[in-house]
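The exercises below are meant to be worked with the structure in view. Please try each task before reading the solution that follows it.

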Amino acid sequence: MRKAVPLIVLALLLSVVASGCTTGESEKEETLVIFHAGSLSVPLQQLELEFAEYAQKNLVVRVNFQDEASGSVKAVRKVTDLGKKADVVAVADYTLIPQLMVPNYTDFYVLFATNEIVIAFTGNSKYADEITSDNWYEILARPGVTFGFSDPNQDPCGYRSVMVMKLADYYYGKPVFETLVEENTNIYYNGSVIVAPKELQVRGDKVVIRPKETDLVGLVESGSLDYFFIYKSVAEQHSLKYITLPDEINLKDFSKADFYGKVSIYLGSTGKVITAKPIVYGVTVPKDAPHRELAMEFLRFMLGENGRRVFQENHQDFIWPPIAFGNVPKEIRDIVKVEG
């Protein structure tokens, strides 16, 4: 009888191990690190939840996500300047990837979504019942009215907002940029390009600048800020009131690209000059992504029908099919349009 006891114990141990396998405890667990534009936070959260379910069922991987939302310039510079590791980098201005990441940090990128700049507010904003697509620059200039935009040195929405106000000079034939930007900040036009100094300064209390565009949402919702320049998708995701701007200045219309090109901005943070163009988002997987294989699975999920649906559900136009450039990985070649 004494020799039988170890056999019973062994049998129990084997049953526990077998039980663990069947209950999924043997699943591999990985964490994907994603650096992304703040304006992508809402759709990415939904995509990540859906991908986690997909991965657990089809890839036998329990996926966690470590999201770092920031201005897109800052997101890229985390990789290029700070040496941080990311599995996916998704930005609100695709040109940042070829400008700052290719060829040292990645060799491909994909264009996948578009947007437009609007002016958002609430019913409690001053003159909310008066502001229109025709008089917005007059309303913002009124005494006591406050407005905001994100930091051009960190965030594409910031430099696009400033560009919109300069384009308004040409469209309305009025000194909109001087009145709204130059009189309230140290951002200025030097006769050929807008200059955003590395160290931004705000004069007075009319203008508020924050690192990324979504940082301004709470200020407007709480009533401490009247208006802010933001992407249309973000305004709709947060159920904010907003006015649309003419196609000549909203950076939405691809047929107006030549008009947009009248305006460029020098960013003190990067030393680069960016020319205004239609808003297009881009995504890539860095060469040294810690979980490259899983990152490519997520990218395929994001660029396919699932991503298209999720972005449309969250009020953002998706490019179909997405357009890829560079050394496009085989994992996504069949779902994108390869341009170079």
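**Exercise 1. A helix and its surroundings**

How many residues does helix α6 have, and how far does the helix reach from its first C-alpha to its last? Then find out how much of the helix is buried.

Solution. Keep in mind from the start that this is a predicted model. Step one is to take the helix from residue 156 to residue 172, which gives 17 residues. Step two is to compare the reach of 24 Å, from the first C-alpha to the last, with the 24 Å expected at 1.5 Å a residue, and the two are close. Step three turns to burial: a residue counts as buried under 20% relative accessible area, and 15 of the 17 residues of α6 are buried, so the helix is largely enclosed by the rest of the structure. Step four looks at what follows α6, namely G173, whose phi is positive and near 70°.

**Exercise 2. The cavity**

Determine which residues line the largest cavity, and which element supplies the largest share of that lining.

Solution. Begin with the count, since the structure holds 1 cavity of 30 Å³ or more, and about 40 Å³ of space lies in the largest cavity. The lining is made by D93, Y159, R160, M163, L251, I274, T275, A276 and K277. Sorting these residues by class gives 5 nonpolar, 1 polar and 3 charged. Sorting by element instead shows that α6 and β13 (272-275) each supply at least two residues of the lining, and that α6, with 3 residues, provides the largest share.

**Exercise 3. A sheet of four strands**

In what order do the strands of the sheet that contains β13 stand, and which strands are at its edges?

Solution. The sheet is open, its 4 strands follow the order β7-β8-β12-β13, and the pairing is mixed. At the edges stand β7 (188-189) and β13, each with a single partner strand, so one side of each is left without a neighbour in the sheet. The pairs can now be followed from one edge to the other.

- β7 and β8 (residues 194-196) run antiparallel and are joined by 2 bridges; here Y188 has V195 of β8 as its bridge partner.
- β8 and β12 (residues 264-267) pair in the parallel sense over 3 bridges, and A196 finds its bridge partner in L267 of β12.
- β12 and β13 run antiparallel with 4 bridges between them, where L267 is partnered by K272 of β13.

A last step concerns the hairpin of β12 and β13, which has 4 residues between the strands, and in which G271 takes a positive phi near 75°.

**Exercise 4. The two sides of a helix**

Which residues of helix α2 (residues 41-59) are buried, and which are exposed on the other side?

Solution. The buried residues of α2 are S41, P43, L44, L47, E48, F51 and A55. They cover an arc of only 130° around the axis, which puts them on the same side of α2. A general rule helps to read such a pattern: an α-helix has 3.6 residues a turn, so residues three or four places apart point the same way. On the other side of α2, L49, E53 and K57 are exposed, each being over 50% in relative accessible area.

**Exercise 5. A sheet of seven strands and a nearby loop**

Work out which strands stand at the edges of the sheet of 7 strands, and then decide whether V336 is buried or exposed.

Solution. This open sheet has the order β2-β1-β3-β14-β4-β15-β16, with mixed pairing. Its edges are β2 (61-70) and β16 (337-338), each with a single partner strand, so one side of each is left without a neighbour in the sheet. Within the sheet, strand β3 (residues 88-91) and strand β14 (residues 280-284) run antiparallel and are joined by 3 bridges, and the bridge partner of V91 in β14 is G282. As for V336, the residue is found in the loop between β15 (318-326) and β16, and V336 is buried, with a relative accessible area of 10%. The C-alpha atoms of V336 and I319, which are 17 residues apart along the chain, are separated by 9.9 Å.

Definitions and conventions:
Residues are numbered from 1 along each chain as its sequence is written. This is a predicted model: local features need pLDDT of at least 70, side-chain atom pairs count only at pLDDT 80 or more; totals for chains, interfaces and linings use all residues. Side-chain values use heavy atoms; hydrogens and water are left out. The expected span of a helix is 1.5 Å times one less than its number of residues. Buried means under 20% relative accessible area, exposed over 50%, partly exposed in between (1.4 Å probe, protein chains only). On a 1 Å grid over the protein atoms alone, a cavity is a set of points where a 1.4 Å probe fits but cannot get out, and a pocket is an open set with protein on both sides within 12 Å along at least five of seven lines; lining residues have an atom within 4 Å of a point. Grid points are joined across faces, edges and corners, and a volume is the space filled by probe spheres set on the points. Ala, Val, Leu, Ile, Met, Phe, Trp, Tyr, Cys and Pro count as nonpolar, Asp, Glu, Lys and Arg as charged, and the others, Gly among them, as polar. Two strands pair if DSSP finds at least two bridges between them. The arc is that of the directions from the helix axis to the C-beta atoms.
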